[in-house]
Amino acid sequence: MNATAGATARDYFSLFQLEPDFVLDETALERAYHALLTQFHPDRYAGKPQVEQRVAAQFCADINSGYRILSDEVSRAEYLLQQAGVDLVAAERAGVESTFLMTQISLREQLEELGPSDAAGRLDLTADIQGHYTASRDQFAKTLAVDAYLDAARHWQEMCYLSKLLSEPKLRAG
Amino acid sequence: MVLLQIAEPGAAPEAHTERQIGVGIDLGTTNSLIAHFNGTDLNVLADEAGEASLPSVVYYSTSQTLVGSDAEQHASVEPGNTIASAKRMLGRSREEFEDDPYIQLAAGESLAFATDAGAKTPVEVSAAILGALKDRAGPQLSGPIAGAVITVPAYFDDAQRQATRQAAELAGIKVLRLLNEPTAAAVAYGLDEQAEESSLLAVYDLGGGTFDISLLRMRAGLFEVLATGGDSALGGDDFDRALAAHLLAELSIGEPTAVQRRVALSLARNAKERLSDMASVDLDVSGLDAGDHEITVSRSTLEVLLSPYIERTLDACRQTLTDASVDAVDRVVLVGGSTRTPAVRQAVANCFGLEPLCNLDPDQVVAMGAARQADILVGNRQGDEALLLDVIPLSLGLETYGGLVERIVDRNSTIPVARAQEFTTARDGQTGLVVHVVQGERERVEDCRSLARFELTGIPPMVAGAARIEVTFQVDADGILAVSAVEQQTGSRSEIVVKPAFGLDEAQITNMLKAGYEHASEDMLARKLGEARVEAEALLDGLQAAMAADGDLLSADETAALQSDMQNLEIVIAANQPDDIREATEILGKASEIFAARRMDRSIQKALQGVALSELESDVAEESTP
């Protein structure tokens with residue numbers, strides 16, 4: 001079996017009554033998420049007929065998926081591109097710009113050279129990657145806002161790469 | 001018969017004329033307990049002798065089945081017929097225990113104990129314990145038990161949770177929810193109600209034979225298990241053995257007999273318990289050697305003997321904190337009888353830098369928390385209580401080409417959760433594929449735990465990569481998994497509820513229930529009929545109320561179709577045939593699913609209006625604050 005991109009059914013922005021925008025009020029999302037869960041969690045249906053339990057569990061799973069996708073910037077970006085009908089597989093094949101490729105190689109080299117006890121170097125590199133990430137994210141927001149989906153898809157790939165790099169065990173303290 | 005109340009989600013519940021009874025059960029490795037919350041008091045229900053803890057031991061002979069201390073008495077004479085610690089084997093496979101010298105396995109492929117009463121699976125042994133707890137509780141409660149919350153260790157995987165549920169089903173207990181043990185302990189202390197700000201909680205659980213440490217995060221009524229750790233072969237029994245060895249050494253008994261060993265152990269246990277309150281104790285050791293004299297054991301001697309074991313628990317605590325990238329916690333809760341030992345309390349306080357919570361009985365705190373949650377779930381309180389959101393302890397995925405694991409649901413995902421992923425075929429003309437479901441964090445299939453394997457057939461022959469197969473994983477609020485696979489073009493479909501690999505199948509359970517397992521006095525038909533009627537009438541009442549409130553969500557045709565199914569169910573109920581009632585209920589249930597979904601969609605608006613309002617209020621409050 002080979003994995004391909006997954007499909008989504010419900011519009012998560014309207015589920016949480018939010019504008020379908022990359023820039024998002026995280027407090028409002030959190031509040032809506034809790035309000036919906038408080039109402040639809042299976043524990044609220046423990047004594048109800050099975051049909052209601054089933055529908056509630058399915059609904060609650062949707063709420064959890066929606067929250068998981070929208071609360072994270074990278075997956076929210078991906079979701080917005082999917083909703084706009086962008087072919088993400090084709091976009092991945094098209095790749096990123098060569099200047100970003102150079103950045104990628106340079107950051108990866110710095111990570112490899114990082115000594116295990118070099119706390120200052122670790123902080124510097126983390127800040128450096130975070131700076132690149134913020135730049136890519138801002139570019140994503142900008143290009144998406146003017147419906148430049150191919151550019152946006154490229155910046156989304158940069159975000160994916162950089163956020164993955166940030167979660168490298170070598171960059172974690174301790 | 002009490003009818004279940006159907007309230008519009010979010011609407012004020014109608015007052016129950018009668019209080020529903022929910023119980024909390026701590027199904028432990030060494031001891032089990034049952035507790036009930038009556039609205040004001042949390043009571044652990046004791047047996048006739050006033051003993052709250054039921055030893056998790058079952059004795060099987062050709063003529064009788066005994067549970068608890070009655071069973072324990074047979075342990076030394078008939079060890080093969082006396083089953084202890086069955087919980088360790090719930091949901092596991094036979095291979096994992098084949099080399100265990102202390103277990104006599106029955107012949108065959110499944111994991112079962114060989115007893116004089118035949119092969120007994122860990123599920124059956126657990127069911128006997130649950131049944132004994134239920135029987136003990138019955139006379140002390142004002143009515144029938146509507147349901148139970150049963151606690152499980154936070155690290156229990158899907159198969160172990162399934163097996164626990166099966167045991168309850170076999171004992172005739174309706175499970176409202178499986179609750180993680182550390183979460184239950186936190187609930188017993190009412191920490192769920194205080195958790196407004198995000199805070200971190202460590203639950204230190206030292207029992208007779210196991211040690212567990214769990215790290216929980218609480219925020220706005222959300223309980224999340226961040227990390228768990230521990231040692232499955234470390235506990236208070238080690239304390240007793242260490243002190244017993246010390247006593248034997250003091251008396252220069254180099255090669256103790258079995259009797260001397262047993263006497264020394266029981267003296268040690270007694271001394272350990274008394275030293276929790278006293279600085280030193282004098283032990284009469286005349287049972288150990290010919291001399292007639294006493295040995296004095298001081299608390300400091302005990303502390304020296306225990307310190308290597310306590311240090312091991314602290315190592316596990318530090319490791320778990322590191323795993324979760326946490327430096328400090330806000331609270332520590334003590335669970336398990338061995339935390340009564342002052343040296344343990346002191347060591348935990350030093351390790352975490354704060355006084356642990358221990359004013360509730362550490363042996364009973366898990367059952368008490370479960371009882372509180374059971375009271376909420378049977379519907380005695382609604383609306384204001386915190387939600388206990390659990391996460392799955394291990395990632396779930398599928399085997400893909402080359403023996404690699406494609407992760408579908410990540411560990412620590414909030415449940416219930418459903419995730420779908422599309423796959424395709426690897427070879428030209430491939431018409432079937434095997435869906436192999438695995439659990440674990442590793443990249444390769446052989447390093448993960450295999451949960452289930454099933455086959456999707458009927459894929460039309462196509463070139464490799466052209467078929468579109470959607471695989472959906474659904475994990476319910478108890479952490480139990482169902483997997484389905486659909487080929488998108490033909491709609492060819494296959495699904496499975498993941499069962500413990502060596503558990504019981506539905507038919508086996510039904511047969512055992514029919515055989516009147518452990519409950520011969522109960523009239524099975526009457527019970528089945530009663531259950532079927534409650535479910536059917538609840539559905540009918542609910543639908544009537546729903547149609548009155550939201551009938552506009554249905555077209556005229558849909559309304560007519562539903563009404564006809566409802567009439568049919570009413571006729572069937574009158575005929576008193578449980579199987580027919582179940583079938584008609586199922587048909588009406590399926591038919592009304594879409595209506596239920598539309599109503600939930602509508603009530604989103606209401607749920608979020610409440611949020612908008614409270615947001616407005618908090619904004620006003622902020623503005624008026626100087």
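## Exercises: two helices, a core and a contact

In this predicted model, helix α4 (residues 181–188) of chain B packs against helix α10 (residues 365–377) of chain B, at an angle of about 75 degrees and with the axes 7 Å apart. Let's start from this pair.

**Exercise 1.** Work out whether α4(B) and α10(B) are roughly parallel or roughly perpendicular to each other.

*Solution.*
- Two packed helices are described by the angle between their axes and the distance between the axes.
- Here the angle is about 75 degrees.
- Angles of 65 to 115 degrees count as roughly perpendicular.
- α4(B) and α10(B) are therefore roughly perpendicular to each other.

**Exercise 2.** Find which residues of α4(B) and α10(B) meet, and sort the contact by class.

*Solution.*
- From α4(B), take Glu181(B), Ala184(B), Ala185(B), Ala186(B), Val187(B) and Ala188(B).
- Their partners in α10(B) are Val365(B), Val366(B), Met368(B), Gly369(B), Ala370(B), Arg372(B) and Gln373(B).
- Sorting this contact gives nine nonpolar, two polar and two charged residues.

**Exercise 3.** Decide how many residues of α4(B) are buried, then look at Gly190(B), which follows the helix.

*Solution.*
- A residue counts as buried if 20 or more other C-beta atoms lie within 10 Å of its own.
- Eight of the eight residues of α4(B) are buried, and the helix is mostly covered.
- Among these buried residues are Glu181(B), Pro182(B) and Thr183(B).
- After the helix comes Gly190(B), with a positive phi near 70 degrees.

**Exercise 4.** Describe the largest nonpolar core and the surroundings of Val58(B).

*Solution.*
- In soluble globular proteins, nonpolar side chains tend to be buried together.
- The largest nonpolar core here has 200 residues, and those with the most contacts inside it include Val58(B), Ile129(B) and Ala370(B).
- Helix α3 (residues 50–71) of chain A gives the most to this core, with 10 residues.
- Once neighbours within four places in sequence are set aside, Val58(B) is in contact with Thr65(B), Val67(B), Ala71(B), Ile83(B), Val125(B), Ala128(B) and Ile129(B).

**Exercise 5.** Count the residues that each chain brings to the contact, and say what the side of chain B is made of.

*Solution.*
- Chain B brings 51 residues and chain A brings 39 residues.
- Elements giving two or more residues to the side of chain B that touches chain A include β11 (175–180), α12 (524–550) and α14 (578–624) of chain B.
- Of these, α14(B) gives the most, with 13 residues.
- By class, this side of chain B has 27 nonpolar, 15 polar and nine charged residues.

Conventions:
Residues are numbered from 1 along each chain as its sequence is written. Chains are lettered from A and ligands numbered from 1 in the order in which they are written. This is a predicted model: local features need pLDDT of at least 70, side-chain atom pairs count only at pLDDT 80 or more; totals for chains, interfaces and linings use all residues. Two residues are in contact if their C-beta atoms, placed from the backbone, lie within 7 Å. Helices (H or I, at least four residues) and strands (E, at least two) are DSSP runs, numbered from the N terminus. Ala, Val, Leu, Ile, Met, Phe, Trp, Tyr, Cys and Pro count as nonpolar, Asp, Glu, Lys and Arg as charged, and the others, Gly among them, as polar. A nonpolar core is a set of buried Ala, Val, Leu, Ile, Met, Phe, Trp, Tyr and Cys residues joined through C-beta atoms within 7 Å. A residue is buried if 20 or more other C-beta atoms lie within 10 Å of its own, exposed if 12 or fewer, and partly exposed in between; C-beta atoms are placed from the backbone. Axes are lines fitted to C-alpha atoms, for helices over the stretch in contact, and angles run from 0 to 180 degrees between N-to-C directions. Angles under 35 degrees count as roughly parallel, over 145 as roughly antiparallel, 65 to 115 as roughly perpendicular and the rest as oblique.
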